[in-house]
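I opened my notebook to look up a few things in this protein, one step at a time. Come along and check each entry against the picture.

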Amino acid sequence: LYTLDTFLVRKDEQDNVSQLISQAEEKHKLMHLFFNNLIEYKKAIQPKVSDVNADLHNTVLLGKHTHGQQIKDRLEFLDFILKHSNLTITVDQLDIFWDALIIKAISLQERDMAFQWLQNSHTAKKSTTSFPSEVTVYLFEKKVPSLDFIHLSSQGFVFFEFFFRWVNWKLNKLNDDEGKIVVLDPDLIGIDMLWEIALSVKSSEVGLNAIACLNQIKTSLDPELRSLIQNYHEEHIN
């Protein structure tokens, strides 16, 4: 990562950062190098994470920096590259990201950092180009179901709810205006996962938040669907 770190240090000195990133991608396949480096880092530290009682997030496992700082630096680098270029996250790259930082996270903090990065990447102005819609839908429909909902953290639920709303909004199943939901189609993508969280998660805080989300959804039918509200509520109560 020396070349990448040097690039980051000098990024404010560049007159045309976007052009430099494009050149790095064209000549050196920058995104490929980044994700390969992430894979190699996680492989290299694996033999050192046997002590489940250790504070691994704040432990130096490789190089000079703590594991938490290693992950933070990589996420900031990826964020910078995407914000200052026309590069996008592909499905294959998302698979690597998810496997390395969420499924194989060695600390709760690492997983929460990855959750937050994914959410923040969709609230930034360049989110529509950095994350094509089909990649985001793939994230929610194919990757999120692999989560351990029983041990979902507060940050994990914030992540889940954000993409639950985003995907259903994108598929024209609901309107979401500054937190106010209007359900346009009761067959929402991911509603089964939301119920699973509400019924199985160990955290009482997350459980209550999931129930609140369900209640908001179930009481926010579009006026054109009012004729269905009685059956909808009976299903909710049952």
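Here are my entries, from the whole chain down to single residues.

**Entry 1: the whole chain**

I noted before anything else that this is a predicted model. How many helices and strands are there in the protein chain? I found twelve helices and two strands. I then read the elements from the N terminus on, and they run α-α-α-α-α-α-α-α-α-β-β-α-α-α.

**Entry 2: inside and outside**

I looked up how much of the chain is buried, and buried residues make up 44% of its 238 residues. The chain exposes about 13,200 Å². Carbon and sulfur atoms supply 51% of that exposed area. Next I turned to contacts with a separation of 6 or more along the chain, and residues 24 or more positions apart account for 64% of them.

**Entry 3: helix α3**

I picked helix α3, which covers residues 30-45 and has 16 residues. From its first C-alpha to its last, α3 reaches 23 Å, close to the 22 Å expected at 1.5 Å a residue. Which residues of α3 are buried? My list reads L30, M31, F34, F35, N37, L38, Y41, K42 and I45. I then looked down the axis of α3: the buried residues fall within an arc of 155 degrees, so they line one face of the helix.

**Entry 4: a cavity**

I like this idea: rolling a probe the size of a water molecule over the atoms shows where empty space is left. A search of the whole structure finds two cavities of 30 Å³ or more. I chose the second largest cavity, which holds about 30 Å³ of space. Its lining is made by F35, I89, Q93, L94, F97, W117, L118 and F131. I had already met F35 as one of the buried residues of α3. Which elements give two or more residues to this lining? They are α5 (91-103) and α6 (108-123). The most comes from α5, with three residues.

**Entry 5: residue S154**

I ended with a single residue, S154, which is found in helix α9 (residues 154-170). Is S154 buried or partly exposed? With a relative accessible area of 31%, S154 is partly exposed, because that value lies between the 20% limit for buried and the 50% limit for exposed. Leaving out residues up to four places away in sequence, S154 touches E205 and V206. I also checked D112, which is 42 residues from S154 along the chain. The C-alpha atoms of S154 and D112 are separated by 8.8 Å.

Technical notes:
Residues numbered from 1 in each chain as written. Predicted model: local features only at pLDDT ≥ 70, side-chain atom pairs only at ≥ 80, totals over all residues. Heavy atoms only, no water. Helix = DSSP H or I, 4+ residues; strand = E, 2+ residues; numbered from the N terminus. Expected span 1.5 Å × (residues − 1). Buried < 20%, exposed > 50% of the residue type's maximum accessible area, 1.4 Å probe, protein only. Arc of directions from axis to C-beta. Contact = heavy atoms within 4.5 Å. Areas by Shrake-Rupley, 256 points an atom, 1.4 Å probe, with all protein chains shown as cover. 1 Å grid on protein atoms, 1.4 Å probe; cavity = no way out; pocket = protein on both sides within 12 Å on 5 of 7 lines; lining within 4 Å. Points joined across faces, edges and corners; volume = space filled by probe spheres on them.
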